[in-house]
Amino acid sequence: MTPINIVALTTTAVYLMLGGIIYIHSRRNISENFFALMSLSLTTWGIATFLIVSPSLSGTFFQIGAYAHYIAGNLVFLCLFWFALYFPERNIKSLAIPILITLVDGAFFIAIIATDFFFSSFAIFSPLEKQISFHTGNYILYTLYILFLFVTAEVILLKKYKTRVDANKTPILYMFLGTTIASTPALFSNLILPGLGYFSLFSIGPIFGIVFIVTIAYAIFKHNLLNVKIIATEFFVSLIILILIIEVLSASSISEFLLKTVTLAAVSLLGYLIIRSVLKEVEIRQQIEQLAGELKTANKELGRISQAKSDFISMASHQLKTPLSIIKGYISMTLEGSFGNLSKKITDQLQKVYISNERLIALVDDLLNLSRVEEGRMKYDFSEEHIADIVQQIVDEVQMPAQRKKLRLIWERPAEKLYARVDLNKMRNVIFNLVDNAIKYTDVGAVTITVLQHDQSLHIAVSDTGRGISSQQIKKLFTKFTRVLEGSGRLTTSGFGLGLYVARLIVEEHKGRIWAESAGLGKGSTFVLELPIVEHTKK
Ligand code: ADP
């Protein structure tokens, strides 16, 4: 075998392997089916070229090769034409013209095979000197027809490339460039030059076919690089195995044959393992990609549901707030005697209605604050405030409820004046919430409020001797809707578990921190609010 023959045979094997592997991994749509046919035609064309140029083959093989070469060559371009029509999808409505072209092709096919329309004679002068003669006029007709197929396919691709704007644009360009670069020299070496009597470049034609097939493969899998990885691995493993098979077949002694066979077996096994691991890796990556996609969708859906819930809460609480305020107004006026004198019995009952209504208003306020904070609608109006003054007001306000529960209220007012930049109303609510909770969740003992300087910050600490908080619950306290259950599993006091959550968000807007400490259930708790201290500049 001459080196050129080896090249012709190897490239043929490459067509077959690459075409087969790509086809196995493709989605098998119409364009990819034409691709499969194209690589099969290329394989036949490659083998035919080998039969023609091989010195060791007899006259019959030479003739079969000549027929197969021109028929398969024609099929390659017919498939390219159809592939171009369908890649990435068909852009013409009527298939009348393509079918007509295919019928003309069929006529050429029959004429070449069944009549002496094409070949005039075959002559073998010596193993290296063979000659195929054609009927010149018909050969020119055939050549023009092939060139017509080729140019039409390229024009279709170029038009598709120019009119498209999506992601499939680039693969079309690759297809156009690859097929032009590969086909032009092959058309010269195996069609135009032989027509002029030059066969010397005949056997290099198949080499260009590789460019052809690789470009089309790239165009098909451009958007699926994972598949490209599998294909490349399978292709190189197959290529090595093919080379080793040729080695085994060309062994000159039994021992060489055995040694090469063992090598072939070992390499095949290793190749199999490599392919399997690449397949597995790709499969896992595809699963991860799919999961990530699903997670994204689920996340979107969650966001939508959360938004719907926030909208509902916001709307419902706005609707509730107005009638509650009206009720409050009327009860106040009734209690003040605006509608006449009331008996003590009615006043007592009305007081209870008033307190319950206040509780409802506080709950609705919690919900309104929640939606304001979450939607970023909370507006802050910062100013430098004397913190002990704010706490003082709160201590005054909670004297009554503390006394009602017989709790001692200890207020350790700091000697020095400590200032912080706060939104007065919001910070008052936050501190009030802490003190109110301490009273609410303490049955005996005391509630102590201290304000201290701690480096560049000030700490407002509210301690109680109440029911305490377990270490598991303490982590969740500042999250939404967290309410700690009583030992019996019942909630005894009113509230949505929103106060601390909203307080944390407000404190964070003040660049501060808030946290809770407790030695455990029944051991009381301390809530600490930390805010940056500011130098007082107010006059
Ligand atoms: P709520 O409206 O339920 O009081 P908060 O967010 O203010 O909502 O408090 C959340 C939960 O934290 C309360 O339900 C309570 O179980 C617990 N908690 C708050 N303050 C104290 C405290 N001083 N002692 C014990 N538990 C507390």
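This is a short dialogue on reading the features of a predicted model.

Student: Where do I start with a chain like this? Which domains does the domain assignment give?

Tutor: Begin with the broad layout, and keep in mind that the model is predicted. The assignment gives domain 1 (3–226), domain 2 (301–374) and domain 3 (382–532). The centres of domain 1 and domain 3, taken over C-alpha atoms, are separated by 84 Å.

Student: And how many helices and strands does the chain have?

Tutor: You'll find 15 helices and nine strands. Then look at the spread: the radius of gyration is 44 Å, well over the 24 Å that the globule rule gives for 539 residues, so the chain is more spread out than a compact globule. The box filled by the C-alpha atoms tells you about the outline, at roughly 135 × 60 × 50 Å along the principal axes.

Student: What share of the residues is buried?

Tutor: Buried residues make up 40% of the 539 in the chain. On the outside, the accessible surface comes to about 29,500 Å², and 65% of that belongs to carbon and sulfur atoms.

Student: How about contacts? What percentage join residues at least 24 apart?

Tutor: Take the contacts between residues at least 6 apart in sequence: 71% of them join residues at least 24 apart.

Student: And charges: how many positive and negative side chains are there?

Tutor: The chain has 51 positive and 42 negative side chains. The centres of the two sets lie 4 Å apart.

Student: Let's zoom in on a helix. How do I think about which way its residues point?

Tutor: The general idea is that an α-helix has 3.6 residues a turn, so residues three or four places apart point the same way. For the case here, try helix α15, which covers residues 499–509.

Student: Is α15 mostly covered or mostly open?

Tutor: Mostly covered: eight of its 11 residues are buried. They are Gly499, Leu500, Tyr501, Val502, Ala503, Leu505, Ile506 and Val507.

Student: What covers those buried residues of α15?

Tutor: The cover includes two helices, α10 (344–374) and α13 (424–440), along with the strands β8 (513–518) and β9 (525–532).

Student: What comes just after α15?

Tutor: Lys511, which takes a positive phi of about 60° although it is not a glycine. Lys511 sits in the loop between α15 and β8, and it is exposed, with a relative accessible area of 69%.

Student: Where does Asp455 lie, and what is its phi?

Tutor: Asp455 is in the loop between β6 (446–454) and β7 (457–464). Its phi is positive too, about 50°, although Asp455 is not a glycine. Asp455 is exposed, at 64% relative accessible area.

Student: Now burial for single residues. Is Ser133 buried or exposed?

Tutor: The cut-off you need is that buried means under 20% relative accessible area. Ser133 has 19%, so it counts as buried. You'll find Ser133 in strand β2 (residues 129–134). Leaving out residues up to four places away in sequence, Ser133 touches Phe118, Phe119, Ser120 and Ser121.

Student: And Pro55, where is that?

Tutor: Pro55 is in the loop between α2 (30–53) and α3 (59–86). At 22% relative accessibility, Pro55 counts as partly exposed. Here's where sequence and space part ways: Pro55 and Glu129 are 74 residues apart along the chain, yet their C-alpha atoms are separated by 8.3 Å.

Student: Which residues does Leu141 touch?

Tutor: Leaving out residues up to four places away in sequence, Leu141 touches Phe108 and Phe117. Leu141 belongs to helix α5 (residues 136–163) and is partly exposed, with a relative accessible area of 47%. From Leu141 to Phe118 is 23 residues in sequence and 9.8 Å in space, C-alpha to C-alpha.

Student: How far apart in space are Gly329 and Leu37?

Tutor: They are 87 Å apart, C-alpha to C-alpha, with their positions 292 residues apart in sequence. Gly329 is in helix α9 (residues 254–335) and is partly exposed, at 27%.

Student: One last residue: is Gln403 buried or exposed?

Tutor: Exposed, with a relative accessible area of 53%. Gln403 lies in helix α12 (residues 399–404). Gly499, which we met among the buried residues of α15, is 96 residues from Gln403 in sequence and 23 Å from it in space, C-alpha to C-alpha.

Technical notes: Residues are numbered from 1 along each chain as its sequence is written. This is a predicted model: local features need pLDDT of at least 70, side-chain atom pairs count only at pLDDT 80 or more; totals for chains, interfaces and linings use all residues. Side-chain values use heavy atoms; hydrogens and water are left out. Domain bounds come from an automatic or database domain assignment. Helices (H or I, at least four residues) and strands (E, at least two) are DSSP runs, numbered from the N terminus. The radius of gyration is taken over C-alpha atoms; the globule rule is 2.2 Å times the number of residues to the power 0.38. Buried means under 20% relative accessible area, exposed over 50%, partly exposed in between (1.4 Å probe, protein chains only). Contact means heavy atoms within 4.5 Å. Accessible areas come from the Shrake-Rupley method with a 1.4 Å probe; for residues, only the protein chains shown count as cover. Lys and Arg count as positive and Asp and Glu as negative; His and the chain ends are not counted. The place of a charge is taken as NZ of Lys, CZ of Arg, CG of Asp or CD of Glu.
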